[in-house]
Every structure is written in C-alpha cells, then in structure tokens.
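User: I'm new to this one and would like a walk through it. Could you take me along piece by piece?

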Amino acid sequence: MREVTIFAPSPTVTVTIEEHGDEPEIHLHAGGQGVWQARMLRRLGVRVRMCCTLTGELGPVLRHLLEDEGFSVSSIDRPGKASAYVHDRRGGERRVIAETEGEPLARHDLDELYGATLREGLGAGLAILSGPAGEAAVPVDTYRRLASDLRAGGARVIVDLAGARLDAALAGGVDVLKVSHEELLDDGRVDDASAESIQSAMLELRERGAAVVVVTRSSDPLLLLDDDGFVEVESPRMEAAETRGAGDSLTAGIAAGIADGETAREAVVTGAAAGALNVTRHGLGTGDAATIARLREAVIVRALDVAQERGGGPAQRGSVSPDELAALAGPGEAGESGTGDGREGSA
C-alpha cells in the first residue's frame, strides 16, 4: 500500500459550533495543515504516518482523534499547553471564540520528533513537511535539516510552506514545492499577481532548490514549473462552501499521485480535482476518491512556452488533455528523481 509520512509538529484540537435547527451543534476534530493533508491522503487510499507532538491534557484527545481517522501516529508526548481553537459558525461566518498556538518544543522533544520523522520518512520514501500551528513552535532551520537529510537518505520531499520556513526548505532541497500567489506577495517574492511576475518567481524558486514548483492563484488556473517548463492547470469551478483547506487537499493529491508512481505533471491533475472538491464541503481535507476521479476528467492542462528571459512576458498557452500528460513529462520529474510558513487551510 502507498505510504506518506507527514511532519506535523503541532496538530490542533478544533472545536467548531454549528447551527442545527434551533440548537447548537458542536464538532470536535484534529486540525492543522498536516492533519488536513493527511485526511485527504486517506480519502485517496494512501496510508499516512503522522510524526507529531501530543501536548498536555489535550494530547490523549488528539491521539484518539488521529487514530480514529486511520492515521498511524509516531508522537512525542510532552507536558504543557497544546494548540487548540474554538470557532463559532452559527452566524454563517467563522467567529473566533478562543485560540492558542501552544508552546514551542524543548530541545529534547525536538530531537526526538526529528529522529522519528527521519526514520518514518525514509521508510515511506515520501514525506510532506507541513507547518506548525505557531510561529515559534519549531526552529525554522528544522525544515532545512529535515529536507536535506530525508533526500540524502533517498526519500522525496514535498513542502507547502512560505516565509522563512520556505527559504529553509529550499536550502535543504525539495522535490515539490507548493505555494500560493498570496504567500508570494506577502513574502515580497513578487510585486504583483501577474502571470509574468509569478513565473519569474517560480524560476527563481527552482534555481534555489525546488525541482518542481506549483503556485496556486486563487480562482485562476494554477501554474507548475519543472525541467520541461510551465504548464497551466485549470480546475472545474465549484460552488464554494469553505475555501480553507483547498490548498492542503491539492498538496495531498500531488503526494498521492507521486506515491503511486506518477510524475508531478500527472499528479497535479488529481491534486487540482481534490482541491476543487474540498471547497464544496465544510470539512477540511474531506471528499471521496470516486468524485475526485470524476472531477479529474474535467481538469484542463495547457502547456506553456517558457519565457526565455524574465522580462520577456508571460508564457503562451497550448491546450493538452490529461491523457497527454505522460507525453509532457520528462525524465527530470520529481516522481522519478531527487532533484513556506505552513498556514492553516492554505489556498
């Protein structure tokens, strides 16, 4: 069975209050970027190993929630305050009642979590490095070290990060980087949301250590850059119930495809379908494999001519169907060779 290891340093206990008739309905789940990625991977039939910390009195609750979803858990149990939130959605919008990011990992706990992630990631051969709940949860350099050590041991590494954590992961080297154009703007990597600016930033990210770069652009088609150049991937337009988590579902779909032996260009089609389905649901990282397979048929992929110079304008489009993806994929794909701050519900 396909397997993916997820580095999820600080999963979150989530409490959401919904309206059910005239009565409140209270939902208790595990959450956070790594959990949402894991949830979609399980829906796609991939075995998931979560490498995480379980903290304080909420730790046993989190373990129960994670294992109930079918995840294998390699945890570091520690005292202290865990990451958690309480949100009220009864008015139609998400209103924050209380939130806590939890406490940073002590040196010994970090060493143990690092070792567990390295062991499980090398065993699976594919690892996703997800972001923590809080800025101070783990040292930024952890992402450089993990990316470098995992790839040195023969594992492939996928990251969905931004900011300093993205810079650190690039320094270690990654097989697939997923980031949103909003994160590129926030980080000052692009001056505007134009295709030309984003393509230029993608070229730079590849030069700095990402074999494949995927950039989501809100409702616009996402862009992928690899050794063979750019492709544009257009997902079917769905009525959105909740946009959070779509980016994490995309990342999970890419990981599922790569775990199944697909190239990044093939896997991104499943990722795009998974992200499209996720926006129709209130549950983050949820959906079913059969619907994702149907939506995959509606994903449109266009090959783009690579702009020869960064100031040479955006790449030009040329349509290609999902059935022609194999012809587009070259030997340098992340699925065949080793060569951000993680934000909740990344797009």
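User: Let's begin just after α1: which residue there takes a positive phi?

Analyst: This is a predicted model, and in it Gly 45, just after α1, takes a positive phi of about 85 degrees.

User: And α1 itself, how many of its residues are buried?

Analyst: Helix α1 covers residues 33–43 and is mostly covered, since nine of its eleven residues are buried. The buried ones are Gln 33, Gly 34, Val 35, Trp 36, Gln 37, Ala 38, Arg 39, Met 40 and Leu 41.

User: What does Met 50 touch?

Analyst: Leaving out residues up to four places away in sequence, Met 50 touches Gly 34, Val 35 and Ala 38, and also Ile 6, Ala 8, Leu 66, Phe 71, Ser 72, Val 73 and Ser 74. Those first three, Gly 34, Val 35 and Ala 38, are among the buried residues of α1.

User: Which residues of the largest nonpolar core touch the most other members?

Analyst: That core has 49 residues, and Ile 6, Leu 41, Met 50 and Leu 66 touch the most other members. Its largest share, eight residues, comes from helix α9, residues 264–278. There is also a second, separate core of 38 residues, which includes Tyr 114, Ala 155, Val 157 and Leu 184.

User: Switching topic, at what angle do α3 and α4 pack?

Analyst: Helix α3, residues 107–124, packs against α4 at an angle of about 30 degrees, and their axes are 10 Å apart. An angle under 35 degrees counts as roughly parallel, so α3 is roughly parallel to α4. The crossing in which α3 passes α4 is right-handed.

User: Which residues make that contact?

Analyst: From α3 the contact uses Leu 110, Tyr 114, Thr 117, Leu 118, Gly 121 and Leu 122, while α4 brings Thr 142, Arg 145, Leu 146, Asp 149 and Leu 150. By type, the residues of this contact divide into six nonpolar, three polar and two charged. Tyr 114 of α3 is also one of the residues in the second core.

User: Now α5: why is it described as largely enclosed?

Analyst: Helix α5 spans residues 163–172, and seven of its ten residues are buried, so the rest of the structure largely encloses it. The buried residues are Gly 163, Arg 165, Leu 166, Ala 168, Ala 169, Leu 170 and Gly 172.

User: What covers them?

Analyst: The cover over the buried residues of α5 includes the helices α4 (141–152) and α7 (195–207), together with the strands β9 (156–160), β10 (174–180) and β11 (210–217). After α5 comes Gly 173, whose phi is positive, near 95 degrees.

User: Is Leu 223 buried or exposed?

Analyst: Leu 223, which is found in strand β12, residues 220–226, is buried, with a relative accessible area of 1%. Setting aside neighbours within four places in sequence, Leu 223 is in contact with residues including Ile 198, Met 202, Val 213, Val 214, Val 215 and Leu 304. Arg 302 is 79 residues from Leu 223 in sequence, with the two C-alpha atoms 9.6 Å apart in space.

User: One last residue: where is Ile 254?

Analyst: Ile 254 lies in helix α8, residues 246–259, and is buried, with a relative accessible area of 2%. Not counting residues up to four places away in sequence, Ile 254 touches Val 176, Val 214, Ala 267, Val 268 and Gly 271. Val 214 is thus shared, being listed among the contacts of Leu 223 as well as those of Ile 254.

Technical notes: Residues numbered from 1 in each chain as written. Predicted model: local features only at pLDDT ≥ 70, side-chain atom pairs only at ≥ 80, totals over all residues. Heavy atoms only, no water. Buried < 20%, exposed > 50% of the residue type's maximum accessible area, 1.4 Å probe, protein only. Helix = DSSP H or I, 4+ residues; strand = E, 2+ residues; numbered from the N terminus. Contact = heavy atoms within 4.5 Å. Core = buried A, V, L, I, M, F, W, Y, C linked by side-chain atoms within 4.5 Å. Axes fitted to C-alpha atoms, helices over the stretch in contact; angles between N-to-C directions. Parallel < 35°, antiparallel > 145°, perpendicular 65-115°, else oblique. Left-handed = near helix turned anticlockwise from the far one by under 90°. Nonpolar A, V, L, I, M, F, W, Y, C, P; charged D, E, K, R; others polar.
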